[in-house]
Amino acid sequence: NGSYFMIGGCVGKWTDRKLFVDNFKIYNANGELIAKDAELSKVEYLDNVFKAFSVNDKLYTVIPSFSVQTMTARKDVVGDRTGWTMTEFAEFMKTQPKDVKAFGHDMVRDSILSYVMQYCGSDFVDVNTGNCNFDSPEFVAMLEFANSYPAEFDPSYWEDYDWMAMQGMYRDKKAVMMSTYIYSIQEMVYTLKGNLGDEAAFVGFPGLSGNSSGIAPTDSTMVLSAKSKNLDGAWEFARYYLTEEYQTSEQLWGLPVMKKALLEQAKKSTERPYWFNEETGEKEYYDHTYWINEEEIILDPFSQKEADDICNFICSVDKRSYFNENIINIVMEEAGSYFAGSKSAKDVAQVIQSRVQIYVDENR
């Protein structure tokens, strides 16, 4: 996830995690390099982001910005819940009318499995210990949930598809979970007040421990070699991306890791948007608008409470969105036997557990 580049020299193989951990020490949980920095040592950063990218409580990367990937739902549909397991979600769906869908867009089995791994992969593969638990009841439940979706749609399915109805599915309470990428608090007004049309609950994808939401970098993520002769110069370059000048600039795309900058972004989301008139030099205010069912809707800015709720949720997510192509391929390959009806979900989960555990053990 995200682009990585090394500064100050590279030692060891990039694909070898142990060499990576040993040779690229940027700062530990106590902020080794930051603590020595006269300016940055006084700055408050988002601990949850640093925690998400730490290995054995040590951080090896400079992360300028990030996004949060989650699932949102209307509070008047799901209540005040902040997450659910797949078993709990399945029970919840039984309470809904039969025409209510889990998602507002049509999905196939492979798409559901991609969601499962993206949101929940780290629940089943512990990077620090190397332990895997794909044979757990919750992963079996996820396989069964994926199997409730079609393998593909016939081309004729789309011929008379009601695209207008799809646009208003969340507003009409015909769908529950909406895949949501938070990369700007200001832009979230279109997602929450436009698509959902009501107060939002950040429920995440149904996971092993409840709320499965993840963090992904949105900017180049930098790694410094501890064995480089140019470490001081490399740090002088990398540290700029953690300064207030960069964190509050328009160059930054995504959510800033500096707490002050994030709060400033939240404050702006409570104000009407504006642009500067070059001729008069004055602010020209306008409204957020959203088109749905051929109707333009004016969206109010967030209230302070709404902005605070978004910030609090962002600061609560402390794990990365999962991506390991080899492990995902194993899951996809073995799940096919269950989808074809030749093996049970439990048997397939055990095969996946065995294959992934062998892969993880060989690559630690």
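This text walks through strand β5 and its partners, then turns to Glu 334. The model is predicted.

Start at strand β5, which spans residues 65–74. This strand is mostly covered, with ten of its ten residues buried. Look at the two faces in turn. On one side sit Ser 65, Ser 67, Gln 69, Met 71 and Ala 73, all buried. On the other side are Phe 66, Val 68, Thr 70, Thr 72 and Arg 74, which are buried as well.

Now follow the pairings. Strand β13 (residues 255–256) runs antiparallel to β5, with two bridges between them. Here Phe 66 has Leu 255 as its bridge partner. Strand β11 (residues 214–217) also pairs with β5 in the antiparallel sense, over four bridges. Find Val 68, and Ile 215 of β11 stands opposite.

Move further along β5. Strand β7 (residues 175–182) pairs with β5 over five bridges, again antiparallel. In this pairing, Met 71 faces Ser 179 of β7 as its opposite residue. Strand β8 (residues 200–202) is joined to β5 by three bridges, and the two run antiparallel. Thr 72 of β5 stands opposite Phe 202 in β8.

Next, go to helix α14, residues 325–339, where Glu 334 is found. Is Glu 334 buried or exposed? Its relative accessibility is 11%, so Glu 334 counts as buried, the cut-off being under 20%. What does Glu 334 touch beyond residues up to four places away in sequence? The contacts are Lys 343, Val 348, Val 351, Ile 352 and Arg 355. With Arg 355 there is also a polar contact: the two side chains are joined at 2.6 Å.

Conventions:
Residues numbered from 1 in each chain as written. Predicted model: local features only at pLDDT ≥ 70, side-chain atom pairs only at ≥ 80, totals over all residues. Heavy atoms only, no water. Buried < 20%, exposed > 50% of the residue type's maximum accessible area, 1.4 Å probe, protein only. Polar contact = N/O pair within 3.5 Å; in protein donor to acceptor, adjacent residues only side chain to side chain. Contact = heavy atoms within 4.5 Å. Pairing = 2+ DSSP bridges.
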